Each structure stands twice: as structure tokens, then as C-alpha cells.
Amino acid sequence: MSFILDKYNDIIWKRYDPRTSDWFLVSAPGPLLAIVAFYVYFSTSLGPRLMKDRQPFTLRKTLIVYNFIQVILSIYLVYEGLMAGWLNDYSFKCQPVDYSDNPKAMRMAKGVYLYFACKLIELLDTVFFVLRKKQRQISFLHVYHHAMMPVCAWIGVRYVPGGHPTLLGVINSFIHVLMYAYYMLSAFGPEMQKYLWWKRHLTSLQLVQFSIILVHNLQILFTDCNFPKFLAFLLCINAGLFIYLFGSFYVKNYIKDNNQDKMKKDDEKLNGGSSNSSSKSNGHSNGYDKSRTKMD
């Protein structure tokens, strides 16, 4: 037990980046873990119970504004990540962390911190699901993804606010530009649905994203790059798990369901019947819904 405590104290209190250690919510893991724990509790237990006997909220205007802000923040994060390193200076093969007070190094560190803040803001995705009584959307994949990303980002800010792992933030922010643009458009109402045919491709992009991250960090394990191999290993494990979860979601919702719909239509044609169209959820959208709801 003493060995574990000594190791914990060594990692938490001795190996951090002094440039970022006194930034808000970065100095210790306790506040973040409390936020994440309450998020999971609210999303899976408290929130649904509070909404059980209430009409769901529409939150249409709120969602439009919220998703627009997320698009702008994501665009800014992509820009900062590129300008602070990945456009010209960083190596895709091996990029150690610059712990100096160099302006570009500090610019990247501040970008990583903003990315961390955005992961906390994104917990509102699930809060909106709860308020709109979209409990089917609050899957294990959704909750795990939203709970883990702030933790990963916190580790980045406190220990490696720059260098090799920041490619994850740039790619993820680019995906979020498209994702929150989709959510914003869907929040306008059913008249926008004909322009949102590309919903399934968001999940495909998520799979591409984590595949790139997996390969990008896997190479560190087999080179002499001056970057913590254990951290690269954890990033590989996390990326692999997300590939499995998003891949399972894609197969279930876009391959198996499509095959079942096709078989159903074929049976109805043979029986002289007709099929009614049905819509599928992508498991983590926060757009418009036609059910009876309260206005925000």
C-alpha cells in the first residue's frame, strides 16, 4: 500500500508541469473527479428521476446557441493547434513536449487548457438530453466518452501540455466542428432534416479519428522518442476502446438495422404491404425532437 501511495504522490505532486500547475482545476485531481462523478450520477440516476413526472423541455433556442458556440470554439482550437505547432513545427513521428516559456510552447499549453475547458462544457450535452427526456441517447458509449475526455484533457494540461498527444486535440476539435454544426442545424427543426443526410458519417469520422490516434501513439512504443511511453500506451488503450465502442455502435445502428429494414421491406413487398419510414438516432445528437415538450 505504501508503494502505491508513494507512486501516487510522485506522479501527482512531483512530475507535473509547473507552468500549468496553478491554473484553475489543474492543481489537483479531486475537483475534476468530483465533477465527473456528479455528471455520471446526474446523467444516469438523479436527472432522470427529477424529470420523471415532468414534461420534457424543448430547449430549441438554447441548443442552437450552445451548438453554435461549440462550433466557434472548435474552429478556434483547430486554428491554435495548427499555428502553435502542427502546421509547420511539429513532427508527426516524434514530438517531445516543450516545457519552456517559449511563446509557441505557451500558446500550445493554453490551447490544451482551453481544450480541457471545452470537454467540461460538453458535459452539458448530456444535461440537455436529461432535460429533454432523451434517455435512450444516454448510452454507455455516450456517458463513458463524455466522462473520460475531461480526465484525459486534465492529464494533458497538468503533465504534457504540448507535443505528441496534442494531435488528438486538433483532430477531435475538427470532428467537433462538423458534429456541432450538424447538431445546430438539426435543432432548427424538421425542415432541416433533408440537409442532414450525412449523420452516419459523423460516426465514421470518429472511427477514423481514433484509428489515427492509435497509430500515432503506437509508434512511440517502438522508437526512442523523448515522450513517456506509458502515457502513449494509455492513449493507445483508450483509442482502441473507443474504436470498439464506436464500431459496435456503427454496426448496430447502420449495418444491422439497415439489413433488417431491407428484409422487412422485401417481406412487405411479397405480402403486398407497405412500410412506414423510421428514423434512427446516432446515439449522441442534441437536436430537434417533435415530441410534446416545454419551451425553454
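User: Why is Leu 59 called buried?

Analyst: This is a predicted model, and in it Leu 59 has a relative accessible area of 8%. Buried means under 20%, so Leu 59 counts as buried. Leu 59 sits in the loop between helix H2 (30–51) and H3.

User: What makes the phi of Leu 59 worth a remark?

Analyst: Its value is near 60°, which is positive, and Leu 59 is a residue other than glycine. Lys 133 is another residue other than glycine with a positive phi, also near 60°. You'll find Lys 133 in the loop between H5 and helix H6 (140–159).

User: Is Lys 133 called buried or partly exposed, and what makes it so?

Analyst: Partly exposed: Lys 133 has 35% relative accessibility. The class in between runs from 20% to 50%, so 35% puts Lys 133 there.

User: What makes up the chain as a whole?

Analyst: Helices: the protein chain has nine of them and zero strands. Read along the sequence, that gives the pattern α-α-α-α-α-α-α-α-α. As for burial, 47% of the 296 residues in the protein chain are buried.

User: How do you know that H7 is largely enclosed by the rest of the structure?

Analyst: Count its buried residues: 18 of the 22 residues of H7 are buried, so the rest of the structure largely encloses this helix.

User: What does the span of H7 look like against the expected one?

Analyst: Helix H7 covers residues 166–187, and from its first C-alpha to its last it reaches 31 Å. At 1.5 Å a residue you'd expect 32 Å, so the two values are close. After H7 comes Gly 189, with a positive phi near 125°.

User: And what about the span of H8?

Analyst: Helix H8 (residues 199–218) has 20 residues and reaches 30 Å, close to the 28 Å expected at 1.5 Å a residue. Among the buried residues of H8 are Lys 199, Leu 202, Gln 206, Phe 210, Ile 213 and Asn 217.

User: Why are H3 and H7 called roughly antiparallel?

Analyst: Helix H3 (residues 60–86) packs against H7 at an angle of about 155°. Angles over 145 degrees count as roughly antiparallel, and therefore H3 and H7 get that name. Their axes are 8 Å apart, and the crossing is left-handed. In the contact of H3 with H7, the residues divide into 19 nonpolar, seven polar and one charged.

User: Why are H3 and H4 described as roughly antiparallel?

Analyst: The axes of H3 and H4 cross at roughly 155°. With the cut-off at over 145 degrees, H3 and H4 are therefore roughly antiparallel to each other. These axes come within 9 Å, and H3 passes H4 in a left-handed crossing.

User: Which class does Tyr 79 fall into, and what makes it so?

Analyst: Tyr 79 has a relative accessible area of 44%. Set against the limits of 20% and 50%, that makes Tyr 79 partly exposed. Tyr 79 belongs to helix H3. In sequence Tyr 79 and Val 170 are 91 residues apart, but in space they are 8.3 Å apart, C-alpha to C-alpha.

User: Is Tyr 39 buried or exposed, and how do you know?

Analyst: Buried: Tyr 39 comes out at 5% relative accessibility, and the cut-off is under 20%. Helix H2 is where Tyr 39 is placed. The C-alpha atoms of Tyr 39 and Leu 120 are separated by 10.0 Å, with their positions 81 residues apart along the chain.

User: Why does Leu 123 count as buried?

Analyst: Its relative accessibility is 8%, under the 20% limit, so Leu 123 counts as buried. Leu 123 lies in the loop between helix H4 (103–121) and helix H5 (124–131). Leu 123 and Ile 35 are 88 residues apart in sequence, and their C-alpha atoms are 9.7 Å apart in space.

User: Which residues does UniProt list as "transmembrane region"?

Analyst: The unreviewed UniProt entry lists several stretches, including 23–42, 63–79 and 166–185. In the model, residues 166–185 are 100% helix and 0% strand, with the end C-alpha atoms 29 Å apart. Residues 23–42 are 65% helix and 0% strand, and there the end C-alpha atoms are 27 Å apart.

Technical notes: Residues numbered from 1 in each chain as written. Predicted model: local features only at pLDDT ≥ 70, side-chain atom pairs only at ≥ 80, totals over all residues. Heavy atoms only, no water. Helix = DSSP H or I, 4+ residues; strand = E, 2+ residues; numbered from the N terminus. Buried < 20%, exposed > 50% of the residue type's maximum accessible area, 1.4 Å probe, protein only. Axes fitted to C-alpha atoms, helices over the stretch in contact; angles between N-to-C directions. Parallel < 35°, antiparallel > 145°, perpendicular 65-115°, else oblique. Left-handed = near helix turned anticlockwise from the far one by under 90°. Nonpolar A, V, L, I, M, F, W, Y, C, P; charged D, E, K, R; others polar. UniProt positions renumbered as here; feature names shortened; annotations may be inferred.
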